[in-house]
Amino acid sequence: MAKNLLIVESPAKAKTIEKILGDDFEVKSCYGHIRDLEKVDMGIDINNNYKPSYIVPEEKQKVVKELKSLAKKSDEVWLATDEDREGEAISWHLCEVLGLDPKTTKRIVFHEITKPAIQSAVKSPRTVDMNLVNAQQARRILDRIVGFELSPVLWRKMSMRNNLSAGRVQSVAVRLIAEREREINAFTPASTFKVEAWFSAKDSNKKSVTFKAEGNKYPNAKGAEAFLNSCINAKYKVRDVQVKPARKSPAAPFTTSTLQQEASRKLGYSVSRTMVLAQKLYENGNITYMRTDSVNLSDTAMTDITKKITSQYGKEYVEVRKYKNKNESAQEAHEAIRPTAMERLTVEDADCRKLYELIWKRTMASQMADAELEKTIAKINISTNNEDLTAQGEVLKFEGFLKVYREDRDEEDLAEDDTDESMLPPLEVGQILDFKEMKATERFSRPAPRFTEASLVKKLEELGIGRPSTYAPTISTILKRGYVEKRDKEGVKRDFRILVLKSNKISSETSQETTGAEKSKLFPTDLGLVVTDFLKQYFDDIMDYGFTARIEEEFDEVAQGKMKWNKMIDDFYSPFKKDVDNTIETAERISGERELGTDAASGKPVIARMGRYGPMVQIGSQDDEEKPRFAKLKPTQSIETISLEEAMDLFRLPRNLGQFEGHDVTVSIGRFGPYIAHDKKFYSLAKELDPYSITLEEAIPIVVEKRAAKEQRTIKVFEKEKIQVLRGPYGPYIKQGLRNYKLTKEQQERSAEITLEEAKAIIEELKANPPKKSFRKKKAS
């Protein structure tokens, strides 16, 4: 038995550290948090200074039992959880559960899992920092209060299912996405005509090359055509040439949010995938700690980087840089994300390789020289109207950091008239140019693009909402709760006009472009829009960007020991509780209704609204003698934008497609989505198939294939009692209605012989004594 027990969060991290420390240390994992607030009464004593009540959940009891046993046998227990507030809190919880004194127990932190870093940390341990613990505890308690108080308000006031919930940072993130969606829906594109002309001139090799020059924009076709008319029979002379040096500087090394953004732009990774892979790289000792908002690099790292740049590219490529943080707030993690050794150009793990190489390149580029360019701007005079066209070119004189890395930009950061600047041929003042053609092309203004996961992180960071450890969980939560969905959107075709001046004649043509196409963007659901409106109306503080950012600053003050955590909670809770009580008492129930018009056939109103199972259209009202008719909206439709015509089209279901084997084949939409009905059996439709357009010829193979698969799965059926004995991936099981019941090994072996009485007895037994869920150990995240 080793003298020292060192506890970390994840088994992968434990394995790496144990190799470094050797036989004196036994390194064990606590698999993340080992305690959480009780569910009863929020787990918080509101009247006793917000005292939290913690419990070890059932799935963590085995882990805790093992750690207690090992702690008793060890001479000393060391805590080596992550270096942020979350990690500090886990260390404190371990002290509480294992009976350790947080004032004397050795706590070590390190930015990277390398031999020098771990050995250095062991030589200089500290104790648990209660300011950091209290900051994390304050966040957890505040978020629990908001969730427990707000969610029941939503259940009472919204005519929907009772699993609605609200969170502090999540609600603000949904608001951002909802407001962007409404901006886009309200946007009316304006058209302008952009003038471009093409010329030819000799390059340095006396070869004729074509280049482009740009003119003004005109608000309409009439103005653009008048300008082209004024250029007929013109001569084009170079009036001025300016050659200016230009420089481009590299971006700072990665923080959590910039890594998430760049991995999304360059690799197409979701925020959560980036963090999973980054955690893996960190635990394997490949990179420094991945939850950080610092752009700082240690002196040792700077030496390592400059050495690598010099050996690989030469001294002229080195430029030592110290970057400053824009955000000076939470900085428990004091270094940027970087490789632990620059000599390691890549990693073996295929999943992690691309992300590691991205981090390596960005780190290298951050200490490299500026790229040096030569920018040429030529003014070309038009003889007939004395106006100028502008041609621009760029020549790269010295690559600098561009030899390794170029940062991508988000869609919203790109200007509409951004163009890649190419080289210009040598031009001289007074030179007459060979004119090819001039075009005035219609271009349309665009709304701000919908958020990607990465651009949402960027916006949250700009507003001061959330911290490195909260971005990924925030996005995962709003997607899981159904307030937001990530999907693609097909573009639509749009005509645009082009006026062409060539050979002194003006012609007009119409071309087409695709507009509005989106890939992996965040869309608010109707549920998200309705909940956002409700919370904005009754809980304006919770939904205010500035207020949410101030709460984050107060967490930082608690972490720095400048504010007492329970006073901070009290300042928040008193006014918030008044809003909750007032809303429950006075607010009306809402369902996000929108009246679309009148049904021509019945004269009844047509309403789009939220129903118990999602957005729907209703013809008629509950007060009518006849029951109202209902239809579910398509996944791409919204209560806010659906038209009366589109709504009425939804009532074409159920559709009778025709007959097969003497029975009708119908298609409809139910609670769980679209399905085909045939001979009293139901078969679900795949997402890519549209119930409004599917034909009988397409439906029959689905019925045949799914019926055969069902028959193959079926061992026994008791029709009257709706009980089935079925084959599953883990062996036979019993199904009654929508519930499944597991069979023992012996029951599985004789599943074909199970009688109705036996099946009923098994169901009753499992209802009375449900099996305990098995606990699978997970890596800490």
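**Reading the labels in a predicted model**

Modeller: Let's start with Asn-504, which sits in the loop between strand E16 (492-502) and strand E17 (505-515). Please keep in mind that this is a predicted model.

Biologist: Why is Asn-504 called partly exposed?

Modeller: Its relative accessible area is 39%. Buried means under 20% and exposed means over 50%, with partly exposed in between. The value of 39% falls in the middle range, so Asn-504 is partly exposed.

Biologist: What is special about the phi of Asn-504?

Modeller: Phi of Asn-504 is positive, about 65°, although the residue is not a glycine. Met-42 is also a residue other than glycine with a positive phi, near 70°.

Biologist: Where does Met-42 lie, and what makes it count as buried?

Modeller: Met-42 belongs to the loop between strand E3 (36-37) and strand E4 (44-45). Its relative accessibility is 10%. The cut-off for buried is under 20%, so Met-42 at 10% counts as buried.

Biologist: How do you know which label suits Ser-69?

Modeller: Ser-69 is a residue of helix H2 (residues 61-73). With a relative accessible area of 31%, it lies between the 20% and 50% limits and is therefore partly exposed. Here is a distance to look for in the structure: the C-alpha atoms of Ser-69 and Gly-546 are separated by 48 Å, and these residues are 477 apart along the chain.

Biologist: Let's turn to a helix pair. Why are H5 and H16 called roughly parallel?

Modeller: Helix H5 (residues 130-157) and helix H16 (residues 565-586) pack at an angle of about 0°. Angles under 35 degrees count as roughly parallel, and therefore H5 and H16 earn that description. Their axes are 11 Å apart.

Biologist: Which residues make the contact between H5 and H16?

Modeller: Among them are Ile-141, Ile-145 and Leu-150 of H5, and Phe-572, Phe-576 and Val-580 of H16. By class, this contact has 15 nonpolar, 3 polar and 4 charged residues.

Biologist: Gln-137 is in helix H5 too. What makes it buried?

Modeller: Gln-137 has a relative accessible area of 6%, and that is under the 20% limit, so it is buried. Leaving aside its neighbours within four places in sequence, Gln-137 is in contact with Pro-52, Tyr-54, Trp-92 and Trp-565.

Biologist: How many cavities of 30 Å³ or more does a search of the whole structure find?

Modeller: The search finds 1 such cavity. The largest cavity has a volume of about 60 Å³. Of its 13 lining residues, the closest to the centre are Ser-171, Val-174, Tyr-483, Val-531 and Leu-535. Helix H6 (168-186) and helix H14 (526-538) each give two or more residues to the lining. By class, the lining has 7 nonpolar, 5 polar and 1 charged residues.

Biologist: Which residues does a cis peptide bond join?

Modeller: Leu-653 and Pro-654, with omega at about -5°. Pro-654 is in the loop between helix H17 (644-649) and strand E23 (655-660).

Biologist: And what does the whole chain look like in numbers?

Modeller: The protein chain has 20 helices and 30 strands, and 47% of its 781 residues count as buried. Along its principal axes, the C-alpha trace spans about 95 × 80 × 55 Å.

Technical notes:
Residues numbered from 1 in each chain as written. Predicted model: local features only at pLDDT ≥ 70, side-chain atom pairs only at ≥ 80, totals over all residues. Heavy atoms only, no water. 1 Å grid on protein atoms, 1.4 Å probe; cavity = no way out; pocket = protein on both sides within 12 Å on 5 of 7 lines; lining within 4 Å. Points joined across faces, edges and corners; volume = space filled by probe spheres on them. Helix = DSSP H or I, 4+ residues; strand = E, 2+ residues; numbered from the N terminus. Nonpolar A, V, L, I, M, F, W, Y, C, P; charged D, E, K, R; others polar. Axes fitted to C-alpha atoms, helices over the stretch in contact; angles between N-to-C directions. Parallel < 35°, antiparallel > 145°, perpendicular 65-115°, else oblique. Contact = heavy atoms within 4.5 Å. Buried < 20%, exposed > 50% of the residue type's maximum accessible area, 1.4 Å probe, protein only.
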